[in-house]
Amino acid sequence: MIINCHLRKLVRHTGRKMIHEVIITSKSKDDIINIAPMGIRIKDDEVTISPFKPSQTLTNIMATKIATVNFIDDVRVFAGIVTNFQKNWDLCIAERKGIVPHLKSSNAHYNLIMEEFKDDEKRPNITCKIISQGNHRPFQGFNRAQSSIIEASVLVSRLSMLPIEKIHQEIEYLKIGIDKTAGKRELEAWTWIIQKIKDYEDNE
Ligand SMILES: Cc1cc2nc3c(=O)[nH]c(=O)nc-3n(C[C@H](O)[C@H](O)[C@H](O)COP(=O)(O)O)c2cc1C
C-alpha cells in the first residue's frame, strides 16, 4: 500500500509513462517509405513519438501528418536498420489512401494521424490519434535474446556517443541472453550488431 502510494507520487512527479520500442513507418511527400525504430508512449487512443532532430521520421510526419506504429517481435528489423545491414523490409499494401503501410512481419499495427506538435531544440513530441489498427500474429511470450538485440541496437545507434569500453561491457552481458535463448532470427541480428561494432572500431 505504502509502496503503491509512493509509486503513484513518483509517476505523477516525473510525468513518467511506459515506453514501447516499436518500428515507425512513415512516408515522404513523394511516397517514399521510411522504416525506423523509435520509442513511443501510448495513452488511451493517443501515441506520442519523440524523434531526435534531424530525422527522416520527423521530416516525413511533418510533411504528411501520418505514420504507422509496427509492434514486431522480429528484432532483425531493429538491428538491420541501425547497423545498415538491412534497411528494407517487406510492407503490406495500405488498405486505403491516407495510411502508411505496415510491415508484413508485424504482429500488430496502429495507423496514426498527427494531432499535436510540441517543438523542441533536440527532441520534439508528436502526438497522434490512432485511426485504425490490425492484429496479425499472436504475441508468443518474452524472449531474453530479443531483449538483448533491442538493447544492443540502442547501443549501436549511440556508438559515437558512448565510450567503447562501456559498449564492450554491455555487449558481454547481453550475450548471455543470446547464448541461452536465441533463435535463428536473433542470431542473425546478433552477427550484424557484432560486425557493426567491429567496423566502427576498425574505422576509428
Ligand atoms: C530500440 C530503439 C529505440 C529508438 N528510439 C528512438 C527515438 O525514440 N527517437 C529517435 O529519434 N531515435 C530513436 N532511435 C534511433 C533511431 O532509430 C535511428 O537514429 C534512426 O536511424 C532514425 O531514423 P530516421 O532518420 O530514419 O527517422 C531508436 C533506436 C532503437 C534501436
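## Exercises on a two-domain model

Twelve residues of domain 1 are in contact with 13 residues of domain 2. Keep in mind, as you work through these exercises, that the model is predicted.

**Exercise 1.** Find which helix gives the most to the side of domain 1 that touches domain 2, and sort that side by residue class.

*Solution.*
- Begin with the bounds: domain 1 covers 8-135 and domain 2 covers 144-202.
- Next, look at the domain 1 side of the contact, where helix α3 (residues 76-83) contributes the most, with six residues.
- Now sort that side by class: six residues are nonpolar, two are polar and four are charged.
- To finish, place the two centres, which lie 23 Å apart when taken over C-alpha atoms.

**Exercise 2.** Work out where the largest nonpolar core lies relative to the two domains, and why.

*Solution.*
- Start with the members: the core has 40 residues, and those touching the most other members are Ile23, Ala67, Val69, Val77, Ala79 and Ile149.
- Then ask which domains supply the core: domain 1 (8-135) and domain 2 (144-202) both give residues, so the core lies between them.
- Zoom in on Ile23: leaving aside residues up to four places away in sequence, Ile23 touches Ile35, Ala36, Pro37, Asn70, Ile72, Val77 and Leu103.

**Exercise 3.** Describe helix α5 (residues 164-181): its span, its kink and its buried residues.

*Solution.*
- Check the span: the 18 residues of α5 reach 26 Å from first C-alpha to last, close to the 26 Å expected at 1.5 Å a residue.
- Look for a bend: α5 has a kink of about 25°, centred on Leu174.
- Leu174 is also buried, as are Gly177 and Ile178 in α5.
- Recall that an α-helix has 3.6 residues a turn, so residues three or four places apart point the same way.
- Last, find the cover: α4 (144-157) and α6 (184-202) are among the elements over the buried residues of α5.

**Exercise 4.** Decide whether Lys198 and Glu121 are buried or exposed.

*Solution.*
- Locate them: Lys198 sits in helix α6, while Glu121 is in the loop between β5 (108-118) and β6 (125-135).
- Apply the cut-off: a residue is exposed if 12 or fewer other C-beta atoms lie within 10 Å of its own.
- Lys198 has 10 C-beta neighbours inside 10 Å, so Lys198 counts as exposed.
- Glu121 has 6 other C-beta atoms within 10 Å and is therefore exposed.
- For a final look at distances, Glu121 and Lys53 are 68 residues apart along the chain, with 7.7 Å between their C-alpha atoms. Lys198 and Ile150, 48 residues apart in sequence, are separated by 18 Å, C-alpha to C-alpha.

Key:
Residues numbered from 1 in each chain as written. Predicted model: local features only at pLDDT ≥ 70, side-chain atom pairs only at ≥ 80, totals over all residues. Core = buried A, V, L, I, M, F, W, Y, C linked by C-beta atoms within 7 Å. Buried ≥ 20, exposed ≤ 12 C-beta atoms within 10 Å, placed from the backbone. Domains from an automatic or database assignment. Contact = placed C-beta atoms within 7 Å. Helix = DSSP H or I, 4+ residues; strand = E, 2+ residues; numbered from the N terminus. Nonpolar A, V, L, I, M, F, W, Y, C, P; charged D, E, K, R; others polar. Expected span 1.5 Å × (residues − 1). Bend = angle between axes of the 7 residues up to and from the residue.
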